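Trainee: I should like to go through the reasoning behind the terms used for this model. May I ask for the grounds of each one in turn?

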Amino acid sequence: MTRTISTQAISKLLVANRGEIAVRIIRAAKALGIPTVAACSEADVDSMAARLADEVQVLGPARADQSYLNVQALLGALQASGANAVHPGYGFLSENAEFAAAVEATGAIFVGPSPDTIRRMGDKAEARRTAQAAGVPVVPGSPGELFELDMALQAAEAVGFPLLIKASAGGGGRGIRLAENASQLAEEFPRAQREAQTAFGNGALYLERFIGKARHIEVQVLGDGKHAVHLFERECSLQRRRQKIFEEAPSPVLNNLQRETLCASAVRLSEALGYRGAGTLEYLYDEASGEFFFIEMNTRIQVEHPVSELVTGIDLVQAQLRIAGGEPLGLRQSDIRLNGAALQMRINAEDPARDFFPSPGVVQELIWPQEAGVRVDSHLYPGYRVPPYYDSLLAKLIVHGRDRGEALARARIALEHCTLSGMASTLGLHRELLAEPWLHHADFHTGTLETWLAARRMGGAA
Ligand code: ADP
Ligand code: ADP
Ligand code: MG
């Protein structure tokens, strides 16, 4: 996949993120011959990203609002380093249109879509309208944002119960509440409004019918502003608190016709947007009716992107950099083939025995598996102190096989060959999960993992 021509327009890349994704971005830039600058907080000066990058710029104190979310500090680092491009990773400012615009206003390249596209898709209520206009079905819901309880109660009559109250500016599984009836809606709506205002600086809400027993299936796209292609789908139905913990590609339940139809809808919507860069369109799949509903678009690289890389052989972060550097896509849909199956397990610094309480610490023993078909994306090294201030993701264990059965078998062995001491993690949880027949039969939906966790607690298991 690596071509020898280097990306012309990016002469130096500022990595505006931390953890495993900062490392991932630095590696992709190195492969393209692009020098890198790690923009990090004071808590991260010893991080693997800081060690691997060609230069380091310290943004400020550990707190994210003073470092990774501090636009002025990032613009300062951009100027001081002489970098001419910024990769925002995921989370933090990756879907912040004002940040993208501020970067572009300095004359530098923002590795992602235009500020306008980020704005349109970042507002989830507006994204629903955009999807509908492109002929992509959405979950039945309120036609737009709701600011008053009266409006919400009225909209709910058409939507029907149970429903979800969602924040237009929400993300990361936060800002979503269930209401089973009108009185719950009346109770939850003002709370959701306050919460959205505090968490996202925007109190706008919308309603969506709750689809029970749905699967979360999402489509990876790449666009160059003119053309878009898809890299097939991922299934991410195994979630805790609406956050993914185990992901795979392709979805084990779609037939080729369904896959074709779904992926074509994602390309249609991306081309309607004139989409530039890597993006993901998330859908819910109602297995009972066979219907797909668009829920949102993430206008950035996603945590689970490696499974798509393994089944297509395409390096998505390199592709992001090439597109940002002005290269045309250079990929036709017919060039992109689905090869085998891939799984990703998120290893978090959380203690499953203590309700997933965060458990940062100092890495003692650390051994990663090295078998064929195994990839580990991680920023850990022995002696590394995991700071308590950020996301709990420690590593992503990713396996590839000729088919799902082989990938699952490899995952079990890979998990046995992981040693990580110094903190509690979700490694053991994945080992238990891999022993479950329902996982092997792909017999699950977005509520399955929570039910399984609740049953384990009842059974007194760790
Ligand atoms: P993915 O779909 O890539 O798995 P996640 O939803 O897990 O993405 O989000 C990736 C990271 O970004 C997480 O750390 C999450 O907390 C953070 N994140 C995503 N969206 C937002 C948002 N709107 N506000 C704050 N953090 C967010
Ligand atoms: P975020 O922006 O936080 O990622 P999403 O809208 O993507 O929020 O939803 C996160 C998760 O919540 C989905 O993956 C799914 O499990 C669940 N979910 C979202 N919308 C619905 C719905 N209408 N019905 C049932 N579950 C939903
Ligand atoms: Mg989502």
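Mentor: The discussion below takes up the domains, the ligand site, the core and one serine, all in a predicted model.

Trainee: What makes up the division of the chain into domains?

Mentor: The chain is divided into domain 1 (13-111), domain 2 (140-209) and domain 3 (215-458). Between the C-alpha centres of domain 1 and domain 2 there are 34 Å.

Trainee: Why is ligand 2 said to lie between domain 2 and domain 3?

Mentor: Residues of the shell around ligand 2 come from both domain 2 (140-209) and domain 3 (215-458), so the ligand lies between them. The strands β6 (163-171), β7 (174-179), β8 (205-209), β12 (276-286) and β13 (291-298) each supply at least two residues of that shell. With four residues, β6 gives the most.

Trainee: Which residues come nearest to ligand 2, and what is the character of the shell?

Mentor: There are 22 residues around ligand 2, of which Lys166, Gly173, His216, Gln239 and Glu296 come nearest. The shell divides into seven nonpolar, seven polar and eight charged residues.

Trainee: How do you know that Lys124, Gly172 and Gly173 make polar contacts with ligand 2?

Mentor: The criterion is a pair of N or O atoms within 3.5 Å. An N or O atom in the side chain of Lys124 is 2.8 Å from an oxygen atom of ligand 2. For Gly173, a backbone N or O atom lies 2.6 Å from a ligand oxygen, and for Gly172 the corresponding value is 3.4 Å. Each of the three pairs therefore meets the criterion. The protein covers 95% of the 550 Å² of accessible area that ligand 2 has on its own.

Trainee: Which residues have the most contacts inside the largest nonpolar core, and why is this core placed between two domains?

Mentor: The largest nonpolar core has 77 residues, and Leu13, Leu222, Leu321 and Leu380 have the most contacts inside it. Helix α1 (residues 19-31) gives the most to this core, with seven residues. Domain 1 (13-111) and domain 3 (215-458) both contribute residues to the core, so it lies between them. As a general tendency, nonpolar side chains in soluble globular proteins are buried together.

Trainee: Why is Ser251 called buried?

Mentor: Its relative accessible area is 2%, and buried means under 20%; Ser251 is therefore buried. Ser251 lies in the loop between β11 (243-249) and α9 (256-273).

Trainee: With which side chain does the side chain of Ser251 make a polar contact?

Mentor: The partner is the side chain of Glu235, at 2.7 Å.

Terms used:
Residues are numbered from 1 along each chain as its sequence is written. Chains are lettered from A and ligands numbered from 1 in the order in which they are written. This is a predicted model: local features need pLDDT of at least 70, side-chain atom pairs count only at pLDDT 80 or more; totals for chains, interfaces and linings use all residues. Side-chain values use heavy atoms; hydrogens and water are left out. A residue is near a molecule or strand if one of its heavy atoms lies within 4 Å of it. A polar contact is a pair of N or O atoms within 3.5 Å; within protein, one must be able to donate a hydrogen and the other to accept it, and residues adjacent in sequence count only if both atoms are side-chain atoms. Accessible areas come from the Shrake-Rupley method with a 1.4 Å probe; for residues, only the protein chains shown count as cover. Ala, Val, Leu, Ile, Met, Phe, Trp, Tyr, Cys and Pro count as nonpolar, Asp, Glu, Lys and Arg as charged, and the others, Gly among them, as polar. Domain bounds come from an automatic or database domain assignment. A nonpolar core is a set of buried Ala, Val, Leu, Ile, Met, Phe, Trp, Tyr and Cys residues joined through side-chain atoms within 4.5 Å. Buried means under 20% relative accessible area, exposed over 50%, partly exposed in between (1.4 Å probe, protein chains only).
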